[in-house]
Amino acid sequence: MNWSFLQSLLSGVNKYSTAFGRVWLSIVFLFRVMVFVVAAEKVWGDEQKDFKCNTAQPGCHNVCYDHFFPVSHIRLWALQLIFVTCPSLLVVMHVAYREDRERKNRLKYGENCRRLYQNTGKKRGGLWWTYVLTLVFKIGVDATFVYLVYHIYEGYDFPSLIKCEQKPCPNKVDCFISRPTEKRIFTLFMVVTSLLCILLSVFEIVYLIGKRLRECLTAVHHSRKSVTHTMSSGSNLMEATAVKRGTTPETPAPSYMVAIS
Amino acid sequence: MSWPLLYAQLFAVNRHSTSLGKVWLSVLFIFRVMVLVVAAESVWGDEQSDFTCNTLQPGCENVCYDQFFPVSHIRLWCLQLVFVSTPTLLVAMHVAYRNHSDKKRLLQGSGRSGFLSNKSQEEELETLKTRRLPIAGALWWTYACSLVFRLLFEGGFMYALYVVYDGFQMPRLVQCDQWPCPNMVDCFISRPTEKTVFTVFMATASSICIVLNMAELAYLVAKAVTRGFRSQRKRTSCSRTSREKLQNKTNQKLLVLN
């Protein structure tokens, strides 16, 4: 059970995503999960073993490490990556639910019945809302973890030396973090890629909302056009019949479309 | 045998589960097994090597570690996840038994009739393999039993963890006076805060799974009850129509006689 399991679960999501969504998924798996697995884990691998304090007091080193690193960056990023990739599974589950409903409908009413959904994978109706909610959730998760790292470690900096006076340390003891510069670089890298993913999700939401608004406006425009077209065609028809009969109508009768609207 | 193989086994049964069952499987493998493998195992990786006691007495650290960690959290969680996944295999066995008996019946029936072609027989066998069995009758009881076992195992392991470690919090310092420690010795646990965070996380995920299982059990019971009412209504309406038909016949006979 590792990241390839998660990747195989999410491989089907691309079918239902927009272009932004596909780019987002590639960034997550290439720049975040891969870098996490092949590089970052090794940088933090010896974090407690090589955290050295200038004391021979047994237990001082354990306690100081626990005080300055309540939750390791690596574990926070692992949780962040798991939580940020899971909402996409909601979209897959929603599509599976739609397909199941369609199948049950076909079983109940026969093969030639009216379909419930024109295309189960198209983002219309409930699926559009599910997709947008998953984007909002992803933004929330990324932002929360970026803030958490900032809050717990008071910034993204790694000092080379920290001073500790937790019990049982006898006095203010100097403690040295292992590989602070490398850790700083990888922390900044992971924060920047998280922010980039947040930005992509925001663009995707704006794109989806814009597309929907445009479709609504075009639909309204088309329906107005068709109403005026039928009105004018109705009045033309009246004139033609009047000409045939040899009389001119004073006012054209309202067309059927106008009468029923 | 590894986690991916277990997932493959459980995924095969997923077809016959309810929607809540499918959600439960995702929660189990993504938020519990994956978190255990990619994060929690590395937190507990150095639990004995970095368990330090304020003494030079050889053997004191070993003995104190053994006293405070009779079974490591990681091993308890692995056992919990294995036990909680196994009742689903009961459902898998029942489905396999049903498919086997249906296949036998189909082959016997085609042998007796004689004129069933090979192609249609193969098609029937294929549908047998890929069909989704409704959760009714004996399968309902198997499924409900598997849910009850799941709930028992989840609750049991959570309680065991709570009792063995006196709660879900890991202290920084423990005091130990087991032999051969010369006196009451201070021992320091490695990464207590991180361990507490992950213990709480796993306990929360376990509680979510318990809630999902209870909701699934309630849904199954409700479905069985409504099915029972519907079949009872059908039976009474059927008996009513048969009585009406009989009455109509006697009326007609009387009319004819008159």
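This is a short talk on a predicted model with chains A and B, going from the overall layout to helices, a surface patch and salt bridges.

Okay, hi everyone. Please keep in mind throughout that we're looking at a predicted model.

Let's begin with chain A. How many helices and strands does its secondary structure come to? Eight helices and three strands. If you walk along from the N terminus, the elements go α-α-β-α-α-α-α-β-β-α-α. Chain A has 261 residues, and 41% of them are buried.

Next, what does the record say? UniProt, in an unreviewed entry, puts a "domain: Connexin N-terminal" annotation on residues 42–75 of chain A. That span is 41% helix and 6% strand, with its end C-alpha atoms 13 Å apart. For chain B, the UniProt annotation "domain: Connexin N-terminal", from an unreviewed entry, covers residues 42–75. There, the end C-alpha atoms lie 13 Å apart, and the stretch is 41% helix and 6% strand.

There's another UniProt annotation, again from an unreviewed entry: "domain: Connexin cysteine-rich", on residues 141–208 of chain A. This one is 60% helix and 12% strand, and 20 Å separates its end C-alpha atoms.

Now some helices. Take α1 of chain B, residues 3–14. Those 12 residues reach 16 Å from the first C-alpha to the last, close to the 16 Å you'd expect at 1.5 Å a residue. Which residues in α1(B) are buried? They are B:Trp3, B:Leu6, B:Tyr7, B:Leu10, B:Val13 and B:Asn14. These buried residues sit on the same side of α1(B), because they cover an arc of only 120° around the axis. If you're wondering about the spacing, an α-helix has 3.6 residues a turn, so residues three or four places apart point the same way.

Here's another helix in chain B: α7, residues 138–164. At 1.5 Å a residue, its 27 residues should span 39 Å, and the end C-alpha atoms are indeed 39 Å apart. Following α7(B) you'll find B:Asp166, which has a positive phi, near 55°.

Back over to chain A, and out to the surface. A:Leu30, A:Phe31, A:Met34, A:Val38 and A:Phe189 make up a nonpolar patch there, with about 460 Å² of accessible area together. Where does the largest share of that patch come from? Helix α2 of chain A, residues 19–43, which supplies four residues. A:Phe189, on the other hand, belongs to helix α7 of chain A, residues 180–245. With a relative accessible area of 32%, A:Phe189 is partly exposed.

While we're in chain A, have a look at A:Lys122, in the loop between α5 (87–109) and α6 (126–152). A:Lys122 counts as partly exposed, at 44% relative accessibility. Its C-alpha is 9.5 Å from that of A:Ser17, though the two are 105 residues apart along the chain.

Last topic: salt bridges. Searching the whole structure turns up 17 of them over all chains. Let's go through a few.

In chain A, the side chains of A:Asp50 and A:Lys52 meet in one, at 3.7 Å, N to O. Are these two buried or partly exposed? A:Asp50 is partly exposed at 34% relative accessible area, and A:Lys52 is partly exposed at 46%.

In chain B, B:Arg191 forms a salt bridge with B:Asp46, and their closest N and O atoms are 2.9 Å apart. This pair links distant parts of the chain, 145 residues apart: B:Arg191 is in the loop between β3 (185–188) and α8 (192–257), and B:Asp46 is in the loop between α2 (19–43) and β1 (52–53). B:Arg191 is buried, with a relative accessible area of 6%, and B:Asp46 is buried too, at 13%.

Then there's B:Arg75 with B:Glu47, where the closest N and O atoms are 3.5 Å apart. B:Arg75 is in helix α4 of chain B, residues 73–85, while B:Glu47 is in the loop between α2 and β1, so this pair ties together parts that are 28 residues apart in sequence. B:Arg75 is partly exposed, at 47% relative accessible area, whereas B:Glu47 counts as buried at 5%.

And to finish, which residues are linked in a network of salt bridges? A:Glu47 and A:Arg75 from chain A, together with B:Asp46, B:Arg191 and B:Glu194 from chain B. That's it from me, thanks!

Technical notes:
Residues are numbered from 1 along each chain as its sequence is written. Chains are lettered from A and ligands numbered from 1 in the order in which they are written. This is a predicted model: local features need pLDDT of at least 70, side-chain atom pairs count only at pLDDT 80 or more; totals for chains, interfaces and linings use all residues. Side-chain values use heavy atoms; hydrogens and water are left out. Helices (H or I, at least four residues) and strands (E, at least two) are DSSP runs, numbered from the N terminus. The expected span of a helix is 1.5 Å times one less than its number of residues. Buried means under 20% relative accessible area, exposed over 50%, partly exposed in between (1.4 Å probe, protein chains only). The arc is that of the directions from the helix axis to the C-beta atoms. Patches are made of residues with over 30% relative accessible area and no salt bridge: like charges are joined within 9 Å, nonpolar side chains (Val, Leu, Ile, Met, Phe, Trp, Tyr) within 5 Å. Accessible areas come from the Shrake-Rupley method with a 1.4 Å probe; for residues, only the protein chains shown count as cover. A salt bridge is a side-chain nitrogen of Lys or Arg within 4 Å of a carboxyl oxygen of Asp or Glu. UniProt positions are given in the numbering used here, feature names are shortened, and annotations may be inferred rather than shown by experiment.
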